[in-house]
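Biologist: I am new to this structure and would like to learn how to read it, one feature at a time. Could you take me through it slowly?

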Amino acid sequence: MKLHGILPLLFSSLLALAQSPKLLVYVDPGHGGEDVGARGAKGLKEKDATLDLAGALVRELERCGMEARLTRQDDTFVGLWDRARLANQAGADLFVSLHLNAARARQAKGSEVYFLTLGAGDRDAAAVAAQENGPEARTAHASSDSVVAGILDTLSQEAYLRDSERLAVAIQGQLNRLGGIKERGVKQAPFVVLRGAAMPAVLVETVFISNPREEVKLRDPAFLRKAALAITQGIRHYFAGADGTPRRKAVEAARPPGA
Ligand SMILES: [Zn+2]
C-alpha cells in the first residue's frame with residue numbers, strides 16, 4: 001500500500017480506536033437497491049434477506065458485547081469498494097459480508113464461508129464470485145470508485161489473508177453445527193468486496209436461496225437469529241484465539257509514545 005494511502009487510514013483508525021474500545025465488526029448485507037442479487041423460486045430477493053440477516057447479526061454481536069455497524073441500513077445501492085472503505089474508515093476489526101448462495105441444482109444446500117484469493121480460485125468458487133461481483137467488478141476501475149480503489153491500492157486484504165482464513169474456519173465450524181446445514185467447507189474466491197478491506201474479512205454464503213426449503217427458512221426470524229448466533233459464535237472463537245486483532249496491533253505499534 002502506498003504511504004499517502006495508509007497515513008490517513010491509520011489516523012482515522014487511531015481516532016476510531018480511542019473512541020471505541022469495543023471490538024468493532026462491520027457487517028455488510030450483500031447487494032441492495034438496483035442490485036437485487038439472487039432470487040428464490042418463491043420470490044425472495046437476496047438483497048432483502050441479507051438485510052434481515054444482517055440486522056439479526058448486529059443484535060447478536062451487540063448482545064455479546066461487541067460493537068457492530070452496517071454498510072447499508074436499508075434498500076440502497078452501495079458500491080463494492082465503498083463497503084470496505086466504510087469499514088476501514090471506522091477502524092473496524094473485522095469485515096463480514098453476508099450473501100445467499102444460488103445454484104442450478106435446486107437441492108444444493110448448506111453454508112460456504114469464503115476468504116479472498118488473489119488468484120482465480122477453483123472453478124466453482126470463481127463462478128460464485130463472478131455471480132456476487134456482478135458487472136461492477138468489470139468497471140470498478142473506470143467508475144467513480146476508482147479514486148477509492150487507488151487509495152486502497154486494491155490489495156489491502158493481502159496482509160490479512162491468514163487471519164481471514166482463521167475467521168472463515170471459525171464461522172464455518174459454527175454454521176456446520178446449525179441444524180440441517182451440511183458441511184460445504186471454507187473456500188477461496190476473488191470477491192471484489194473483500195479486496196479493499198484492511199482487516200480480516202470473509203464472505204458468508206449463508207444458505208442457498210435457490211433451494212425452496214432454505215428460502216422458506218430465510219423468512220423465519222427464528223432461523224435468522226440462529227444463523228446470526230452461529231456467525232457470532234464463530235467471530236467470538238476467532239477473537240478468543242487471536243492475540244488482539246492484526247489491525248489493533250498495527251495501530252498500537254504506530255501510536256506515538258505516550259499517546
Ligand atoms: Zn450475493
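Modeller: What follows goes through a strand, a metal site and a cavity. This is a predicted model, in which local features need pLDDT of at least 70 and side-chain atom pairs count only at pLDDT 80 or more, while totals for chains, interfaces and linings use all residues. Residues are numbered from 1 along each chain as its sequence is written, and side-chain values use heavy atoms, with hydrogens and water left out.

Biologist: Which way do the residues of strand E1 point?

Modeller: In a regular strand the side chains alternate between the two faces of the sheet. Here Leu 24, Tyr 26 and Asp 28 point one way from E1, and Val 25, Val 27 and Pro 29 point the other way. Helices (H or I, at least four residues) and strands (E, at least two) are DSSP runs, numbered from the N terminus.

Biologist: Is E1, residues 24-29, enclosed or open?

Modeller: Buried means under 20% relative accessible area, exposed over 50%, and partly exposed in between, with a 1.4 Å probe and protein chains only. Six of the six residues of E1 are buried, so the strand is largely enclosed by the rest of the structure.

Biologist: In which sense do E1 and strand E2 pair?

Modeller: Two strands pair if DSSP finds at least two bridges between them. E1 and E2 (residues 67-70) pair in the parallel sense over four bridges, with Val 27 standing opposite Leu 70 in E2. E1 also pairs with strand E3 (residues 94-101) in the parallel sense, over five bridges, and there Asp 28 stands opposite Ser 97.

Biologist: Which residues coordinate the zinc ion?

Modeller: Donors are N, O and S atoms within 2.8 Å of the metal (3.2 Å for Na, K and Ca), and water is not among the atoms, so sites may look incomplete. The zinc ion is coordinated by His 31 (NE2), Glu 46 (OE), His 99 (ND1) and Glu 132 (OE), the last of these listed twice, at 1.9 to 2.5 Å. His 31 lies in the loop between E1 and helix H2 and Glu 132 in helix H4 (residues 123-139), so the pair ties together parts that are 101 residues apart in sequence. Both His 31 and Glu 132 are buried.

Biologist: What kinds of residue make up the lining of the largest cavity?

Modeller: Ala, Val, Leu, Ile, Met, Phe, Trp, Tyr, Cys and Pro count as nonpolar, Asp, Glu, Lys and Arg as charged, and the others, Gly among them, as polar. By that division the lining holds four nonpolar, four polar and five charged residues. On a 1 Å grid over the protein atoms alone, a cavity is a set of points where a 1.4 Å probe fits but cannot get out, and lining residues have an atom within 4 Å of a point. Of the 13 lining residues, His 31, Asp 35, Leu 80, Arg 83 and His 99 lie nearest the centre of the largest cavity.

Methods
On a 1 Å grid over the protein atoms alone, a cavity is a set of points where a 1.4 Å probe fits but cannot get out, and a pocket is an open set with protein on both sides within 12 Å along at least five of seven lines; lining residues have an atom within 4 Å of a point.
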